[in-house]
Amino acid sequence: MSPARVSGSNQAPPPAGVFGGSAWRLGRIFGIEIAIDQSWLLIFGLVTFSLAGRMTIEHEASAAIERWGVAVAASLVFFASLLLHELGHSVVALQTGLEVRSITLFLFGGVAQLGSEPRRPKDEIWIALAGPAVSAALGLGFLTLADVLSAAGSSPLSSATAWLGSINLALAIFNLAPGFPLDGGRVLRGIVWGVTGSFERATQVASTGGAIVARTLMAMGAILALATGQLLGGLWLVLIGWFLLQAARGPAQAMRLERTLGEIRVGDVMEPVARAFVGPSLSVASALQDKVLLHGLRTLYVVESDFRLLGIVTLRELAAVPPEQRASCRLGDLMTPVADLHLTSSDESGWRALEEMASYRLNQLPVVDGGRLRGCVSREGLLNVLHAAIALERQGDAAGTRLKTT
C-alpha cells in the first residue's frame, strides 16, 4: 500500500487478519465492520467434522445427509453465537461513547477492536460482562429448546441443540477467568482500577492474571496428553494457552508503548522530504528521471510554491503510466489529492501517529502544519526511537541494580 493512501476518502481498509494476512469482510452491524479471519476455516472444519462424528455415534440410524446437515448448521450457529457474544461487548461499548472498529471471527473465537480504552472503571466492567451474559443467555435458551425437542424423541437436531447450549455456557464460564485477554481479566482490571485509581497498575495485574491462566491451560494440556493419551485434546489446550499467553502481554506492552511515544512529538522525529517536493506540472517522464532514477525516491509530494501540500504520487502510480504517455502526463493529474490522505501535525504525539498508521496499515504519514508540508514520520522511525528509549531504560535499571548490590 502507498505510504499514506487509502482506497476511497479516508476509509479504513478491510480488517487485518488476527494472525496476519487478511480477513474477509462480511458487512456491517450497528455500523461495526464484521469480518472472518482465514484461520476460521480450520476451526469451522474441525467443529463440523467433530459434530458429524458425534452424530454418527449417537444417531447411527439417521441418514448420513441428515447428520452432516445438522453438523454444518450447528457449526454455523455456534459461530453466530460467538458473533453475538462480541456484539454484546460492542453494543455496551457504543453506549459508553467508545468507537468499535470491527469484529473478527478467528481460530480461537472472536475479537472486537475498540477505538480506545474505556474511560471509567465501571465502563470496563460492564463492557466485559456483556459478552458472557449473552453467551449464558444463549446457552440456557438452547438447553431449553433441546429439552423440548428431546420430548418428541432423540434426534441429531436435539443433540446438536443440547451441544450448542453446553458450549455457550462453557464459553461464558471460561471467559470469566480472571486474566487478559479474557473478559474476566477486563472485569479484574476494572475492579483494581476502581480500587487503586491506577489504570496502569490495573492493567499489569490483569496481564499477570492472564499469564497465570494461560500457563495453567498449557500445563493441563500437557498432563491430558501425557497421562491419558488424549493427544488432540491436550494439544488444543496447549495451543489455546499459548495464544492467551501472547495476548496477555499485549495490554502491558501497549501501555509501555503509549507512555514512551506519548511523550515524543512528531516534529522531533519527522524526516525531511524536501528532495521529494515536486510541482503539479512536472511530467511523469521527468519525475522518473530526476527523482526516482537519480535519487531513488519512491514517494513524491506534490506541493505549490509555498509548500502547501496538494497530494502524493507513488512509484507504483508512476510506473503504471504507459511509456508513450509519460512525457505528456502531469503529476497534478496523477496524484492522490490531499483530501484522500491521512495526515498528522508536528505537535501530535508519536503514539497517536503510530496508532493512525496501524489502523490504516500505513508506513508513513505526511506532517502538515497549516496546510504546509513539513516532512514525514514513518513507522520505522518511531519504532527506532522506541527501541532506543527502552535500551536506555534497561541500562538505567541495570545501573540501579549495580548500585544496590555494591
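## Strands β6 and β7 and their sheet

Strand β6 (residues 299–303) and strand β7 (residues 309–314) run antiparallel and are joined by five bridges. One of the pairs across them is L300, whose bridge partner in β7 is V313. The model is a predicted one.

Both strands belong to an open sheet of four strands, ordered β5-β6-β7-β8, in which the pairing is mixed. At its edges lie β5 (277–278) and β8 (336–337), each of which pairs on one side only. The loop between β6 and β7 holds F307. The phi of F307 is positive, near 70 degrees, in a residue other than glycine. Most residues other than glycine have a negative phi. With a relative accessible area of 43%, F307 is partly exposed, because the partly exposed class lies between the limits of 20% and 50%.

## The chain as a whole

The protein chain has 13 helices and 10 strands. Its C-alpha trace spans about 80 × 70 × 45 Å along the principal axes. Of its 406 residues, 41% count as buried. The exposed area is about 20,600 Å², and carbon and sulfur atoms supply 61% of that area.

Among contacts in the protein chain with a separation of 6 or more, 62% are between residues 24 or more positions apart.

## The sheet β1 to β4

Another open sheet is made of four strands in the order β1-β2-β3-β4, also with mixed pairing. Its edge strands are β1 (23–29) and β4 (109–114), and each pairs on one side only. On average, neighbouring strands of this sheet are turned by 20 degrees against each other, direction ignored.

Within this sheet, strand β2 (residues 32–37) pairs with strand β3 (residues 100–106) in the parallel sense, over four bridges. E33 stands opposite S102 in β3.

## F30, between β1 and β2

F30 lies in the loop between β1 and β2. Its phi is near 55 degrees, a positive value in a residue other than glycine. F30 counts as exposed because its relative accessibility is 60%, and the exposed class begins over 50%.

Leaving aside neighbours within four places in sequence, F30 is in contact with L87, V91 and L94. These three positions fall within helix α2, which covers residues 64–95. From F30 to G350 the separation is 320 residues in sequence and 31 Å in space, C-alpha to C-alpha.

## Helices α2 and α3

Helix α2 (residues 64–95) packs against helix α3 (residues 121–151) at an angle of about 145 degrees, and their axes are 7 Å apart. The crossing of α2 past α3 is right-handed. On the α2 side the contact is made by V77, S81, L84, H85, G88, H89, V92 and A93. On the α3 side the residues are W126, I127, A128, A130, G131, P132, V134, S135, L138 and F142. By class, this contact of α2 with α3 has 12 nonpolar and six polar residues, and no charged residues.

The α2 list includes residues three or four places apart, among them V77, S81, L84, H85 and G88. In an α-helix, with 3.6 residues a turn, residues at such spacings point the same way.

## A cis peptide bond after α4

The peptide bond from F180 to P181 is cis, with omega near 0 degrees. Most peptide bonds are trans. P181 is placed in the loop between α4 (156–175) and α5 (183–196).

## T344, α12 and the hairpin β9-β10

T344 is in the loop between β8 and α12 (350–360). T344 is buried because its relative accessible area is 9%, and the limit for the buried class is under 20%. Not counting residues up to four places away in sequence, T344 touches V266, A353, L365, P366, V367, V368 and V377. One of these contacts, A353, is itself buried in α12, as are G350, W351, L354, M357 and Y360. R361 follows α12 and has a positive phi, near 55 degrees.

Strand β9 (residues 364–369) and β10 run antiparallel, joined by six bridges. Q364 has S378 as its bridge partner in β10. The two strands form a hairpin with two residues between them, and G370 in the turn has a positive phi of about 60 degrees. Strand β10 (residues 372–378) is mostly covered, with five of its seven residues buried.

Definitions and conventions
Residues numbered from 1 in each chain as written. Predicted model: local features only at pLDDT ≥ 70, side-chain atom pairs only at ≥ 80, totals over all residues. Heavy atoms only, no water. Pairing = 2+ DSSP bridges. Axes fitted to C-alpha atoms, helices over the stretch in contact; angles between N-to-C directions. Left-handed = near helix turned anticlockwise from the far one by under 90°. Contact = heavy atoms within 4.5 Å. Nonpolar A, V, L, I, M, F, W, Y, C, P; charged D, E, K, R; others polar. Buried < 20%, exposed > 50% of the residue type's maximum accessible area, 1.4 Å probe, protein only. Areas by Shrake-Rupley, 256 points an atom, 1.4 Å probe, with all protein chains shown as cover.
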